[in-house]
Amino acid sequence: MNTSFQTTSSLTDGYKLGHREQYQKGTTQVIANWTPRKSRIEGIEEVVFFGQQAFIKKYLIEQFNEDFFGIPEDKAVAKYYRRVRAYLPPDIEVSTDHIRDLHRLGYLPIMILSLPEGVSSPIRVPQSVLMCTKPEFFWLTNYFETLYSCEIWMPCTSATIAKQYRKILDHYAMLTVGNTEFVAYQGHDFSFIGMANLDAAMASGGAHLLSFNGTDTIPAIDWLEHYYNADCEKEIIGVSIPATEHAIMSSSTGFYIWDKFKGDWSYQGEAELEVFKRLITETYPHGFVSIVCDTWDLWKVLTEYVRELKDLILARNGKVVFRPDSGNPVDIICGKKIQRFNSVAHAKNKLSGNMTNSTEPFTIDGKYYEAIAHGGTEFKYSEILNPAPELKGVVKLLWEVFGGTETETGYKLLDSHVGCIYGDSITMDRATEICYRLMLDGFASINWVAGIGSYTYQYQTRDTFGYAMKSTYCEVGEYKIPIFKDPITDDGTKKSAKGIVAVYKDENGIYYLKDQATMEELMNCELKPVFKDGVLLKDFTLQEVRDNIKAKHNEAITI
């Protein structure tokens, strides 16, 4: 890790540089905790704790050992002085004695206690506690607040959101299939290209892989191997399949137009069909392949090309996954949202008296009809013999050509040779609606794969779950002082715990907070020491974290 350009000893907010002098003289201890204070996502009231181990290994061990304790004392002090002297006003004295003392100590005299990584805890329950282990270095506690928060809020947030996707998909899989075996592959991480930077992509992508196996964020696999003891040769960390992009489809179609049709673009359809044939018979004659199919006309692909390709697809030992990429994902997968009735009487009851001079498509027991307006309460309708493909959507169109089987709970499951994935603008609400509408139409929820992108994981902030590391206790001489705040102008979000905090489990296994606790209670609660004096005390494996996050996947969810 090349971090030589950084001044490791000043990895903090600028305003914290003077806090050591601002605390009362005689301060010997400061204790802070990391707590999600508010959920801004409806339906989520517990937050996953994840990413701390990566922070500890990357910064508290690797970087501090390499770029601070591992270099000569005078060089380490000079780096700090140079950075801070040029940063603060010239009339402010820049002390370096505390940096020199820390270097001579040879390790970071702090201790971190936390919940196990991967568990979920309710809002306002602390997930970790940080404190100093030597009185003269009390200032380190809040010195690390900024770096800790910067590194950890995103993996906690992404892990929580991924878990919610998993709960949604599990819920509908149980209803329409009877098991959740496929769901690990039903949520696929497509966020890499839209994340803030590589570090964010790896941390967020690693969090996604706690609940799912599907990912296109390859560096997240490296991240989990490096920081969470994973091994891709011994376990499934993250997987994907060969897949095309629009540039492949367009350029290849152009090649066939020139090679077979002498540059005549009126043969675009025939040329594009040749691309599909080459991909499934020559490039990938067996196994999985995902083909983006809306470079031009998705509906033509799903009503014409698939019939031409049917025998070739069914003859393959593998699956061809059709990938639409544009439009409203719910309508593309499930068909245009129209009224659905289970009988003529049901339709008449709902539509009579609401007729207009326009025709409105609707379904009765799976067949498509249009209402005919004649005024008053008279109800007339006629069957639509050739419904537009956009009324049906991808899953129904594939079913009409390839058919499939019925699950043990009585829902249609596409033939194993075909499938679909939508990888653009999938949200939790849209994922829920797609699964629900497929179920209403008699299809299993696992007939599609959700591509979960940067809209889901990058459009978040530290405030998504109100995360903050704040001090709640200090010791000054003989005084033991609770630190707390309750701003009168706030809505209660920033109201803090008081004093030392301890976390326990109730009879249902739910974590709860006890503030104004004793030091003995802190040391004997659910918060366990994971780092002390430069040494990692607990080294979680990926499997342990996955086991923890899955412990509550069977929770009831609000649909």
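The legends below describe close-up views of a predicted model.

**Figure 1. The largest nonpolar core and the surroundings of Trp 448.** The largest nonpolar core of the model comprises 114 residues, and Phe 322 and Trp 448 have the most contacts inside it. Helix α6, spanning residues 145–176, supplies the largest share of this core, with 13 residues. A second core, separate from the largest one, consists of 21 residues, among them Ala 203, Ile 221, Ile 237 and Ile 549. In soluble globular proteins, nonpolar side chains tend to be buried together. When neighbours within four places in sequence are left aside, Trp 448 is in contact with Phe 182, Gln 186, Ile 333, Cys 420, Ile 426, Ala 431, Ile 434, Cys 435 and Leu 438.

**Figure 2. Ser 128 in strand β5.** Ser 128 belongs to strand β5, which covers residues 128–132. With a relative accessible area of 0%, Ser 128 is buried, because the limit for that class is under 20%. The side chains of Ser 128 and Tyr 148 make a polar contact of 2.7 Å. Apart from neighbours within four places in sequence, the residues in contact with Ser 128 are Ala 32, Asn 33, Trp 34, Phe 49, Gln 52, Leu 113, Ser 114, Tyr 148 and Leu 527. One of these, Gln 52, is also among the buried residues of helix α2.

**Figure 3. Helix α2 and the salt bridge between Lys 58 and Asp 199.** Helix α2 runs from residue 52 to residue 67 and is largely enclosed by the rest of the structure, because twelve of its 16 residues are buried. The buried residues of α2 include the nonpolar Ala 54, Phe 55, Ile 56, Leu 60 and Phe 64, together with Gln 52, Gln 53, Lys 57, Lys 58, Tyr 59, Gln 63 and Asp 67. Lys 58 forms a salt bridge with Asp 199, in which the closest N and O atoms are 3.3 Å apart. Asp 199 lies in helix α7 (residues 198–208) and Lys 58 in helix α2, so this pair ties together parts that are 141 residues apart in sequence. Lys 58 counts as buried at 12% relative accessibility, whereas Asp 199 is partly exposed, with a relative accessible area of 41%.

**Figure 4. A network of salt bridges involving helices α3 and α4.** Salt bridges link Glu 73, Asp 74, Arg 100 and Arg 104 in a network. Within the network, Glu 73 forms a salt bridge with Arg 104, with the closest N and O atoms 3.1 Å apart. Glu 73 is in helix α3 (residues 73–87) and Arg 104 in helix α4 (residues 97–105), so the pair ties together parts that are 31 residues apart in sequence. Arg 104 is exposed, with a relative accessible area of 57%. The count of salt bridges in the model comes to 22.

**Figure 5. A salt bridge within helix α10.** The side chains of Glu 274 and Lys 277 meet in a salt bridge, with an N to O distance of 4.0 Å. Glu 274 and Lys 277 are separated by about one helical turn, because they are three residues apart in helix α10 (residues 268–283). Lys 277 is partly exposed, with a relative accessible area of 26%.

**Figure 6. A nonpolar surface patch and Ile 248.** Tyr 185, Ile 236 and Val 239 form a nonpolar patch on the surface, and together they have about 220 Å² of accessible area. Tyr 185 is located in the loop between α6 and β6 (187–189), where this residue is partly exposed, with a relative accessible area of 32%. Ile 248, in helix α9 (residues 246–261), likewise counts as partly exposed, at 34% relative accessibility. The C-alpha atoms of Ile 248 and Ala 78 are separated by 54 Å, and the two residues are 170 residues apart along the chain.

**Figure 7. Positive phi values at Asn 229 and Gln 516.** Most residues other than glycine have a negative phi. Asn 229 has a positive phi, near 55°. This residue is found in the loop between α8 (218–228) and α9, and counts as partly exposed at 35% relative accessibility. Gln 516 also has a positive phi, near 50°. Gln 516 is part of strand β21 (residues 511–517) and counts as exposed, at 55% relative accessibility.

Conventions
Residues are numbered from 1 along each chain as its sequence is written. This is a predicted model: local features need pLDDT of at least 70, side-chain atom pairs count only at pLDDT 80 or more; totals for chains, interfaces and linings use all residues. Side-chain values use heavy atoms; hydrogens and water are left out. A nonpolar core is a set of buried Ala, Val, Leu, Ile, Met, Phe, Trp, Tyr and Cys residues joined through side-chain atoms within 4.5 Å. Buried means under 20% relative accessible area, exposed over 50%, partly exposed in between (1.4 Å probe, protein chains only). Helices (H or I, at least four residues) and strands (E, at least two) are DSSP runs, numbered from the N terminus. Contact means heavy atoms within 4.5 Å. Patches are made of residues with over 30% relative accessible area and no salt bridge: like charges are joined within 9 Å, nonpolar side chains (Val, Leu, Ile, Met, Phe, Trp, Tyr) within 5 Å. Accessible areas come from the Shrake-Rupley method with a 1.4 Å probe; for residues, only the protein chains shown count as cover. A polar contact is a pair of N or O atoms within 3.5 Å; within protein, one must be able to donate a hydrogen and the other to accept it, and residues adjacent in sequence count only if both atoms are side-chain atoms.
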